Amino acid sequence: MIVLYVILWAILGLLLLLLLLTLMPVGAELRFDGEFHLRIKYLFLNIPLLPGEPQEETKEPSKEEEKPEEPEKPGRTGIGGRIKASLKREGLGGFLQALGELISLLGQATVGILRGFDLRHFDLYLCVAGAGDAAAGAKLFGKISEGVYSACGVLFTLLPCGNKGVTVDLSYDLWESRVDFSAELSIRPFFVLMEGLKLVIKSIRPLRRILKSERKNKQ
């Protein structure tokens, strides 16, 4: 009997520990200076994820060994794959495209998960180059300003941020556009788990209906 109590208390203690760990925020630091840099922080862990270690160059296969690449099937990559692909983009165009895609993915998240996010810091300075062609630079400046301020407005509606700054500038002295960006975000895994549990519970009834209809069809 004593052994049973010890086992039950051990299980209870383990569950309590897991609950406390899910309540600890997972932080992410995102930075862009021509390419994205991503660092994840959790408790005492500090893990850099992007840009990652440079991969060794591999020899190009001969023409005989080359095989045609299979076309990527839709739906093969999930949300994680889409985020990873967005963060691998470089340059001004890559940054703007990634920003739009990340905000779009964030907008698809459920209200419960969004409540768990905390956008602590967001600072974006974008300077459009106009040294080569003043008229083209001014036109590009207007287009980018409209897109960036609109996208950031949507972002701050989804995730309010007290420490934020967004500036789009135009310089006729620059030959190449410049982007300086940094953001800090955190989320508690507990909210993600709760939303996952709600999804499982909501899917029980539809699954039962599908199983019942299949049994009737077989009979």
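This briefing describes the sheet, the helix packing and the pockets of one protein structure. The model is a predicted one. Its six strands form an open sheet with mixed pairing. Helix α5 packs on that sheet, and helices α1 and α6 pack against each other. The largest pocket has a volume of about 1,300 Å³, and the second largest has a volume of about 210 Å³.

**The sheet as a whole**

- Strands of a sheet pair through backbone hydrogen bonds, and the pairing is either parallel or antiparallel.
- The strand order in this sheet is β3-β2-β1-β6-β4-β5.
- Strands β3 and β5 (164-171) are the edge strands, and each of them pairs on one side only.
- From one strand to the next, the twist averages 10°.
- Helix α5, which covers residues 134-158, touches β4 and β5 where it packs on the sheet. The direction of α5 makes about 175° with that of β5.

**Strand pairs within the sheet**

- Strand β1 (residues 26-32) runs antiparallel to strand β6 (residues 178-187), and seven bridges join the two.
- Along this pair, Glu29 stands opposite Glu184 of β6, and Leu30 has Ala183 of β6 as its bridge partner.
- Strand β1 also pairs in the antiparallel sense with strand β2 (residues 36-42), over six bridges. Here Arg31 stands opposite His37 of β2.
- Strands β1 and β2 form a hairpin with three residues between them. In the turn, Gly34 has a positive phi of about 110°.
- Strand β6 is also joined to β4, by 10 bridges, and these two strands run antiparallel. The bridge partner of Tyr125 in β6 is Asp180.
- In a regular strand, the side chains alternate between the two faces of the sheet.

**Packing of helices α1 and α6**

- Two packed helices are described by the angle between their axes and the distance between the axes.
- Helix α1 (residues 2-23) and helix α6 (residues 189-202) pack at an angle of about 110°, and their axes are 6 Å apart.
- Because of this angle, α1 is roughly perpendicular to α6.
- Helix α1 makes the contact through Leu19, Thr22 and Leu23, while α6 makes it through Pro189, Phe190 and Leu193.
- The residues of this contact comprise five nonpolar, one polar and no charged.

**The largest pocket**

- A total of 42 residues line the largest pocket, and Leu38, Ile83, Leu87, Leu102 and Leu185 lie nearest its centre.
- The elements that give two or more residues to this lining are β1, β2, β3 (45-50), α2 (79-87), α3 (91-107), β4 (117-129) and β6.
- Helix α3 gives the most to the lining, with seven residues.
- By residue class, the lining of the largest pocket divides into 31 nonpolar, five polar and six charged.

**The second largest pocket**

- The second largest pocket has a volume of about 210 Å³.
- It is lined by 13 residues, of which Glu29, Leu30, Arg31, His37 and Arg39 are the closest to its centre.
- Two or more residues of this lining come from each of β1, β2, β3 and β6.
- The lining of the second largest pocket divides into six nonpolar, three polar and four charged residues.

Conventions:
Residues numbered from 1 in each chain as written. Predicted model: local features only at pLDDT ≥ 70, side-chain atom pairs only at ≥ 80, totals over all residues. Heavy atoms only, no water. Pairing = 2+ DSSP bridges. Helix = DSSP H or I, 4+ residues; strand = E, 2+ residues; numbered from the N terminus. Axes fitted to C-alpha atoms, helices over the stretch in contact; angles between N-to-C directions. Parallel < 35°, antiparallel > 145°, perpendicular 65-115°, else oblique. Contact = heavy atoms within 4.5 Å. Nonpolar A, V, L, I, M, F, W, Y, C, P; charged D, E, K, R; others polar. 1 Å grid on protein atoms, 1.4 Å probe; cavity = no way out; pocket = protein on both sides within 12 Å on 5 of 7 lines; lining within 4 Å. Points joined across faces, edges and corners; volume = space filled by probe spheres on them.
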